Amino acid sequence: MAAALIPLSAMAGSAVDMARMYVVKVRLQQACDAGVLAGRKFMTLDSGTSLGTDATNRATAFFDNNFKVGWYGTSAPDPAKRFVPTRTSDNQVSGVATITLPMTVMKMFGKPDVVLSTTCMARFDVADVDTMFVLDITGSMTCAANESVCTMTSETYTRDDGTTGYSYTEKPSSKIRALRSAVLSYYDTLKSSADTATKLRFGFVPYASSVNAGAAIRAGNPSLMVSPQWAYQSRRVIGDANDGGSYTSAGTGFTYAACMQYNGLRSPQSGWDGNGRAVYYSNANWSSRNGYCSATTQGLRPLWRYGQWNADITGFLAGNPVQDPSQVVTAMTRWSGCIEERMTTPGVTSFDQANLPPDLDPDRVPTDTATRWRPMWPESVYIRNNPGPASQDTADDLNAIGSVGNQQGGFAACGKPVKRITPMDRTDVSNYVNAVDFRAIGGTYHDVGMIWGTRLLSPTGVFANDTAAWPNRNAPNRNIIFMTDGAMAPNETIYGMYGLEWSDQRVSGGDFGNLTAYHNARFLAECDAAKARNITVWVVAFGQTINDELRNCASTPDRAFFASDNATLTTQFQSIARRIAMLRLSQ
């Protein structure tokens, strides 16, 4: 037994020291990893080849905090080389950690101290990232975040195509000004975290009750829009109506034949004068004395029939100035780019992701009238006295939704055109959010913005080529940043992406009392559609208490944020950018 104790002691000692070596080696690897991660975090990207003093010191400090020399009796064979971080040719950080571990039991058998060494490498890398900003540009964005009551004043501006746009005047501390700064801060934060090889793309969907997606649609394929006609809640002339009472007009110097021409004469002979009026003459009488001629004169105005009327939209879709078909006088209009959404299922508060209607299916390719988009034509749309698609009206002269007064009130808001996903530098982003047409007006329809944010970012939809992976690279991380300053607030008298709800009833089915619930259901269905396509949804509520719909829209509860003031909005956007940036080990 005494003889057997010697090999048994060697075996036991070997097991003990091997276990010590394993534990120390694992801890050494962890410390090495922590060190290179810290070094990469604080490394400055420049044209140099060295890691830099600050990054080296940070890396060494993290290594030392995670591996104390003397632990398990360890020592540094060369203190200057216990941990050596270096900068690689592709701007990463590699490291080598070396320590000496003394044997315990095996020392009795002449086993010398063991030198343990490990290598590590870290990348501080933002994977290719697509960011779609879905931004609330409703009228309240012109107010300050701390205003409980805000008075809004209408103003006009000139769009790039020369047409007149309407918005509200921004206050010096307005939320929309803070939004511009927050978007740029997001860009700066994300860009500063990326290596030179990282690919970043950005897109924008400014939304209110509509989105200006016409140019984005037609740039891909003009056949995605309905053509050559679409039916609007409009009006047409069905005859003449008396304009005031009749009276007798007379004159001298007429021949009999010239006087008799006034019997049954309409002037203009067909149509209307520049004021939309005409005159009808009857009961002409002639006297040979001085050629006296008299006739009964009746002023006429158009007799309108208000209802759903087809209009030729060929020239309108092409962006040409065209005559408004709801006017009898010269009234040239031009399409601003906002669209009516394709067909949906009305009166629904729950949707099946496997069977979404055309408006909520981000990947549905338009093939027919029900699945194609339509141009909004507010100047030609009128709200009737009675609701419903089948109702008609012959009121004297109802007001067009596109009248100056209604557009100033935000009843037909049409904002800045959306921006499809594309590489953008800081100047591009700044130019977009600071453009003359990045303005606020209109009501809050979250589903409108989310539908188009998801549609433009979907990797399997109509615009899939925009967000496809870069050549020879993995698929990008796709993100929607949804920012709003209010809760859903639809109105059946607004003309927007779902037409004129009072008449079209595409969402409510006539049940206006539950209109908000129906729009919220669409919003949440589209949030789910985005998540199902591996799109991360970040939600920021600005200047209001974040509600359940906004929380449920976010991919996870920790991706829903609240910003009570302008400074916090920027902080939240920066926080999102930092979280999108991924710090990971490559070895």
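## A walk through the model

Start by selecting tyrosine 207, which is buried, with a relative accessible area of 0%. Keep in mind as you go that this is a predicted model.

Now add phenylalanine 482, buried as well with a relative accessible area of 0%. These two belong together: they make one of the 23 aromatic pairs in the structure. How are the two rings of tyrosine 207 and phenylalanine 482 arranged? Their centres are 5.5 Å apart and their planes meet at 25°, so the pair counts as stacked. Colour the strands and you'll find tyrosine 207 in strand β7 (residues 200-207) and phenylalanine 482 in strand β18 (residues 477-484), 275 residues apart.

Next, pick tryptophan 452 and phenylalanine 463. Their aromatic pair is tilted, with 6.3 Å centre to centre and 55° between the planes. Tryptophan 452 lies in helix α9 (residues 446-457) and phenylalanine 463 in the loop between α9 and β18, so this pair ties together parts 11 residues apart in sequence. Tryptophan 452 has 0% relative accessibility and phenylalanine 463 has 3%, so both fall under the 20% cut-off for buried.

For a bigger selection, take Phe133, Tyr186, Tyr187, Phe202, Phe204, Tyr432, Phe438 and Phe573: together they form one aromatic cluster.

Rings can have charged neighbours too. Select arginine 235 and tryptophan 304: the arginine lies over the face of the ring, 3.6 Å from its centre. Then try arginine 559, which lies over the face of tryptophan 538, at 4.9 Å from the ring centre.

### On to the salt bridges

Side chains of opposite charge can pair when their charged atoms come close. There are 27 salt bridges in this structure, and here are some to click on.

- Select arginine 426 and aspartate 188, whose side chains meet at 2.7 Å, N to O. Arginine 426 sits in helix α8 (residues 426-433) and aspartate 188 in helix α3 (residues 175-192), 238 residues apart. Arginine 426 is partly exposed at 38% relative accessibility, and aspartate 188 is partly exposed at 32%.
- Move to aspartate 363 and arginine 533, a salt bridge of 3.0 Å, N to O. The aspartate is in the loop between β15 and β16 and the arginine in the loop between α11 and β21, so parts 170 residues apart in sequence are tied together. Are aspartate 363 and arginine 533 buried or exposed? Both are buried.
- Then pick lysine 416 and aspartate 437, which meet at 2.9 Å, N to O. Lysine 416 is in the loop between α7 and β17, aspartate 437 in the loop between α8 and α9, 21 residues apart. Both residues are buried.

Finish this part with Glu170, Arg177 and Arg180, joined into one network by salt bridges that share partners.

### A hairpin to look at

Select strand β1 (residues 83-87) and strand β2 (residues 93-101). They run antiparallel and are joined by five bridges. Click on valine 84 and you'll see valine 96 of β2 opposite. The two strands form a hairpin with five residues between them, and in the turn asparagine 91 has a positive phi of about 65°. Turn β1 around: Phe83, Pro85 and Arg87 are on its covered face, with Val84 and Thr86 on the uncovered one.

### Last stop: confidence

Colour by pLDDT. The chain averages 91, and 94% of the residues score at least 70. Now zoom in on residues 583-587, where pLDDT stays under 50. Where pLDDT is low, the predicted coordinates should not be read in detail.

Terms used:
Residues numbered from 1 in each chain as written. Predicted model: local features only at pLDDT ≥ 70, side-chain atom pairs only at ≥ 80, totals over all residues. Heavy atoms only, no water. Buried < 20%, exposed > 50% of the residue type's maximum accessible area, 1.4 Å probe, protein only. Helix = DSSP H or I, 4+ residues; strand = E, 2+ residues; numbered from the N terminus. Pairing = 2+ DSSP bridges. pLDDT = per-residue confidence, 0-100. Contact = heavy atoms within 4.5 Å. Phe/Tyr/Trp six-rings, centres within 6.5 Å; stacked < 30°, edge-to-face > 60°. Lys NZ or Arg CZ within 6 Å of the ring centre and 35° of its normal. Salt bridge = Lys/Arg side-chain N within 4 Å of Asp/Glu carboxyl O.
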